[in-house]
Amino acid sequence: MNIIVCMKQVYDLKDLKLKAGEEFTPQGLDRRVNPFDVFALEAALTVKDQNPQTKVIVLSMGAEHTEKCLIEGLSMGADKAYRLNSSGFLDTVATSRRLAQAIHKIEKAEGMADIIITGIQSTDSGNGIVACMLSRILSRTLVSSAAEISLTGNPSKLEIVKRCPDGFEKTEHDFPLIISATKLNHEVRYPSFPRIRQANQAKINIIEPSPSKKAMSSTELIRIAKPGRRSRNVIVNDDVQAGTQILLRMLQEDNIFTR
Amino acid sequence: MNFELTQEQLQLQQVAREFAQNKLLPGVIERDETSVFPVDLFKEFGKTGAYGLPFPEEFGGAGGSYMDYVLAVEEVSKVDGAFGISYSVDTSLYGGSIMNSSAPDAIKKKFLAPITYGEKIGSFGLTEHSAGSDAAGQTTVAVKKGDKYVINGAKCFNTNGPLADFTVIYSLTDPALGTKGMCAFVVEKGTPGFTVGKIENKMGIRTAQVSELHLENVEVPEEQMIAKPGEGFKLAMKTLDGGRIGVAAQGLGIAEGAFEIARTYMMQREQFGKPIAKQQYLAFKMAELQTKIESARMMVYRAAWMKDNGKPYTVPAAMAKMTCTNVAMEVTTEAVQMLGGNGYMKEYHVERMMRDAKITQIYEGTNEIQKLVISGQLFR
Ligand SMILES: Cc1cc2nc3c(=O)[nH]c(=O)nc-3n(C[C@H](O)[C@H](O)[C@H](O)COP(=O)(O)OP(=O)(O)OC[C@H]3O[C@@H](n4cnc5c(N)ncnc54)[C@H](O)[C@@H]3O)c2cc1C
């Protein structure tokens, strides 16, 4: 069985203190693996615990520094690592398309992925749609919010315990599958020290992107800033034309729109 | 010269830190009160290979370095000093005795591999009632009988003693020969005649299990003799050199743990209309303490580096042990002061850390004995 786990390197925002309107700069912030992607990997590794033949492949998109998160993935127990080379801002659509291309390339080299797992969202941009987009682009079934996964039956299917607003839902699925993982029902394993050493010496495979027009970012990042906070609620009663102008100006004043 | 930790070491440090925060911190106060050793947690941390960090993989170790081991002991000790010493004794005193010995490789592997991932626990029996600082004053005797040795005597203050599956027992073959006849054996738990005596009720490191060990006609196969008569004293001293680096790391960790609690507290606690951190007297004190912690860190990291790089490390280890443990005592005492009345209360941790710090100045050679070691090479 093959599992591809998508892992993202995010900024650690725990010590970030921004005043209203202040622009975000990543200066001085540490980077870490997106915690939800750690859950995704842990879920994949529980399948590998059940079936040791499973090959767990970690994939991350980004510049060289993202290899740190792949090394962490290998330390926890992944077998292979791929970095999809990329730099600068890409919106979620472009990100998903490029990841899908990379997944095709990995599948050519490693065989079809029975499961693709991502974290349910990243803790920095927090869009939470990469798994959905992958499902659409690759035309594979999506199960979101997995808190537990395990192999069951013969031939095996995947049993997924999904976290729902009022509890849990248990379902069984055929492969191939795309899963987004949320906080798991079990603990995440600690990497062993020998594995950490091996991981730091392991080869990271690099995939160069071959972006089609569709895989270019259609959104441009201008700036990231903390919105100003309005101390009162405002109801705009004007007609649509004038009201829109007023709202737009207010959003500009609060630094939400800059042009 | 390079003061930077490797990527690998940063990652290892992070793992130990997360384990300490997530697993050791909850319950550390209750454990201190009940004096119950957290066997499950000890085994869980063992799964990372922590206890085998400085040992080669061919002996079942994790194939890291002494520096790696220091980082791990430091991290756990920031939260739980008692866990730190149980770890340190397991690795550097028990494991160190095995690795430093001239035992055949198969024997080394047999007695080292089971402890490196925490399946078994080791302890180190050198001290006796009559032999503390003067380890040569031993009376435990091992007499050869066929292909076995029969050991009689008693050890005291054995860290991990009541838990240990394996203990290295240092003993004399002939009391008349003194240290010239000192040898060492691995004695397994459950060997007839080998029993746990009084379990100590201690001021600090309360969850670490420290006890007497009694040996009454304990028969041990000759192959478990890891130091031949005459080699035992050297083995013990060499092993303690490494152990002192572990205790230094423990002291450093305790100091850092207490410092951080005081630092955060001082930013929150307001008196005279402002946080007490704004009182220059206190802020300067903290600046001094931080500087002392940094100098202690340099000393212990350097001692570990010297050991890893095959340089003589007896004196650097003694200096590091003395410095780090004195800093631990000073920082924890001041941390209690910084927290005022709360510092004296159990829920703020620092009073425990102060009690834990005290022992680091005493075991594995008191700090007076470290001065003996350091001055010994000064005026040769
Ligand atoms: C909690 C705990 C755990 C321990 N764990 C272990 C263990 O796992 N294995 C083990 O073998 N031992 C262990 N020990 C023993 C420990 O190493 C000894 O207690 C220590 O070496 C001091 O010996 P002592 O207690 O006999 O003190 P003493 O040797 O009686 O010393 C009393 C005082 O005299 C001072 N002194 C002695 N000689 C000199 C000198 N020549 N010059 C100047 N000052 C001197 C000492 O520094 C000390 O202040 C442990 C002890 C404790 C308390």
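Colleague: Which of the 18 residues around the ligand come nearest, and what makes a residue count as near?

Modeller: B:Thr127, B:Ser133, B:Phe157, B:Thr366 and B:Glu368 come nearest, out of 18 residues around the ligand. A residue is near a molecule or strand if one of its heavy atoms lies within 4 Å of it. This is a predicted model: local features need pLDDT of at least 70, side-chain atom pairs count only at pLDDT 80 or more, and totals for chains, interfaces and linings use all residues. Residues are numbered from 1 along each chain as its sequence is written, chains are lettered from A and ligands numbered from 1 in the order in which they are written, and side-chain values use heavy atoms, with hydrogens and water left out.

Colleague: Why is the pair between the ligand and the side chain of B:Thr127 called a polar contact?

Modeller: A polar contact is a pair of N or O atoms within 3.5 Å; within protein, one must be able to donate a hydrogen and the other to accept it, and residues adjacent in sequence count only if both atoms are side-chain atoms. A ligand nitrogen sits 2.6 Å from a side-chain N or O atom of B:Thr127, so the pair qualifies. Backbone atoms take part too. A polar one of B:Leu126 is 3.0 Å from a ligand oxygen, and an N or O of B:Glu364 is 3.4 Å from a ligand oxygen.

Colleague: How much of the ligand does the protein bury?

Modeller: The protein buries 64% of the 970 Å² that the ligand exposes when taken alone. Such areas come from the Shrake-Rupley method with a 1.4 Å probe; for residues, only the protein chains shown count as cover.

Colleague: What makes up the shell by class?

Modeller: Eight residues are nonpolar, seven polar and three charged. Ala, Val, Leu, Ile, Met, Phe, Trp, Tyr, Cys and Pro count as nonpolar, Asp, Glu, Lys and Arg as charged, and the others, Gly among them, as polar.

Colleague: Which strand of chain B gives the most to that shell?

Modeller: Strand β3 (residues 148-159), with three residues. Strands (E, at least two residues) and helices (H or I, at least four) are DSSP runs, numbered from the N terminus.

Colleague: How do you know whether helix α5 of chain B is enclosed or open?

Modeller: Buried means under 20% relative accessible area, exposed over 50%, partly exposed in between (1.4 Å probe, protein chains only). In α5(B), 19 of the 20 residues are buried, so the rest of the structure largely encloses this helix.

Colleague: Where does α5(B) bend?

Modeller: At B:Val89, by about 30 degrees. The bend is the angle between axes fitted to the seven residues ending there and the seven starting there.
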